[in-house]
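Here are a few short exercises to work through with the model open in your viewer. Try each task yourself before reading its solution.

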Amino acid sequence: MKSILVASDLSERSDRAVRRAIRLAKGHGANCHVLHVVDRDLPRDLASRWCEDAGTRLVRFLSALDTEGVEVSHDVRIGDPLEVIPEVAAGCDADLVVLGLHRPRAFLDRLRETTMERLVRLVREPVLLVRNPAGHDYETVLAPVSFSPACTAATKAARALAPKATIHAFHAVHLPFSGLTGEQPGGPMSQALIAEAETARTGWLAKDGPGLEADQITLAIGSLSQVMADQLASVRPDLVAIGSHTRFSLAPHLLGSFAAELVRDPPTDLLIACNKVT
């Protein structure tokens, strides 16, 4: 990892993202570029004044951080974050884009894709959403996997981001119609489904080389949300890494509903690697 871009809206949420980005840059010997985007819909004179003020705020904040050994730069631009952030990420050849948490809008978030979701699928680089204070390096990573190329990208990105961390992966095996059939975990159907998942796991490990061993990937009967909750409670990760598939434009969640829910309310810091589908 050589270059990290972190976008800041000058809020406390973004302050945590900047601190994490600088910590990662130190650990990887990377440079760190801090970006603030001023709304282009503001009146020109107001936008210009805000650019000056935002630049001053960024300099003051960065000067208070321990940036020794890290090449840190900052930039303030006028525009649409959905256009400027991907453009700057490509321009500085970023290996990672770091963002603070989405500001929740309870009503609007139910009706439309959030700005954070759109950003995650628009940038080509892995995206790190920072929820927690950056007081230590990542130690434990939890990775839900579906044996897809996007999940391969996520596990590889997690290993690159946190090379010393322990990665725990899991695959949720859905038991269909259990309420009607009375099928329980350990029954014939669940055993057959687990066997299928074991075959898929073996093929994925052999083909895509996600950097994991079979014993690092738990196969668990249950819905994805249920198994995720169980794994969060038992593993207690400080980073969750997911692979996300972009969908066609009429889908309700273009990242997929599971990824979208995590982006909106991550249980801890969240790393997303997208499999861009055209």
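A charge sits over a ring if NZ of Lys or CZ of Arg is within 6 Å of the ring centre and within 35 degrees of the ring normal. Keep in mind that the model is predicted.

**Exercise 1.** Find how far Arg20 lies from the ring centre of Tyr138.

Solution. Start from the distance cut-off, which is 6 Å from the ring centre. Arg20 lies at 4.1 Å from the centre of the Tyr138 ring. The angle condition holds too, as Arg20 is placed over the face of Tyr138.

**Exercise 2.** Classify the aromatic pair formed by Phe147 and Trp204, and work out which parts of the chain the pair ties together.

Solution. Begin with the count: there is one aromatic pair. Its members are Phe147 and Trp204, with 5.5 Å centre to centre and 50° between the planes. Planes under 30 degrees apart would be stacked and those over 60 edge-to-face, so the pair falls in the remaining class, tilted. Next, place the partners: Phe147 is in the loop between β6 (140-144) and α6 (149-161), while Trp204 belongs to helix α8 (residues 188-208), so the pair links parts 57 residues apart in sequence. Finally, check burial. Phe147 has a relative accessible area of 14% and is buried; Trp204 is also buried, at 2%.

**Exercise 3.** Decide why Cys92 has no disulfide partner.

Solution. Recall that a disulfide is a covalent bond between the sulfur atoms of two cysteines. The cut-off for the sulfur pair is 2.5 Å. For Cys92 the closest cysteine sulfur is that of Cys32, 9.5 Å away, which is too far for a bond. The overall count agrees: zero disulfides. As for accessibility, Cys92 is partly exposed at 25%, whereas Cys51 is buried at 18%.

**Exercise 4.** Describe the surroundings of His36.

Solution. First locate His36, in strand β2 (residues 31-39). Its relative accessibility is 4%, so His36 counts as buried. Then look for polar partners: the side chains of His36 and Trp50 make a polar contact at 3.1 Å. Beyond its neighbours within four places in sequence, His36 also touches other residues, including Ser8, Asp9, Leu58 and Arg77.

**Exercise 5.** Is Pro266 buried or exposed, and which residues is Pro266 in contact with beyond its neighbours within four places in sequence?

Solution. Pro266 sits in the loop between α10 (257-264) and β10 (269-275). With 2% relative accessibility, Pro266 is buried. Its contacts outside that sequence window are Leu101 and Arg131. Pro266 and Arg131 are 135 residues apart along the chain, yet their C-alpha atoms are separated by 7.4 Å.

Conventions: Residues are numbered from 1 along each chain as its sequence is written. This is a predicted model: local features need pLDDT of at least 70, side-chain atom pairs count only at pLDDT 80 or more; totals for chains, interfaces and linings use all residues. Side-chain values use heavy atoms; hydrogens and water are left out. Helices (H or I, at least four residues) and strands (E, at least two) are DSSP runs, numbered from the N terminus. Buried means under 20% relative accessible area, exposed over 50%, partly exposed in between (1.4 Å probe, protein chains only). A polar contact is a pair of N or O atoms within 3.5 Å; within protein, one must be able to donate a hydrogen and the other to accept it, and residues adjacent in sequence count only if both atoms are side-chain atoms. Contact means heavy atoms within 4.5 Å. Rings of Phe, Tyr and Trp (its six-membered ring) pair if their centres lie within 6.5 Å; planes under 30 degrees apart count as stacked, over 60 as edge-to-face and the rest as tilted.
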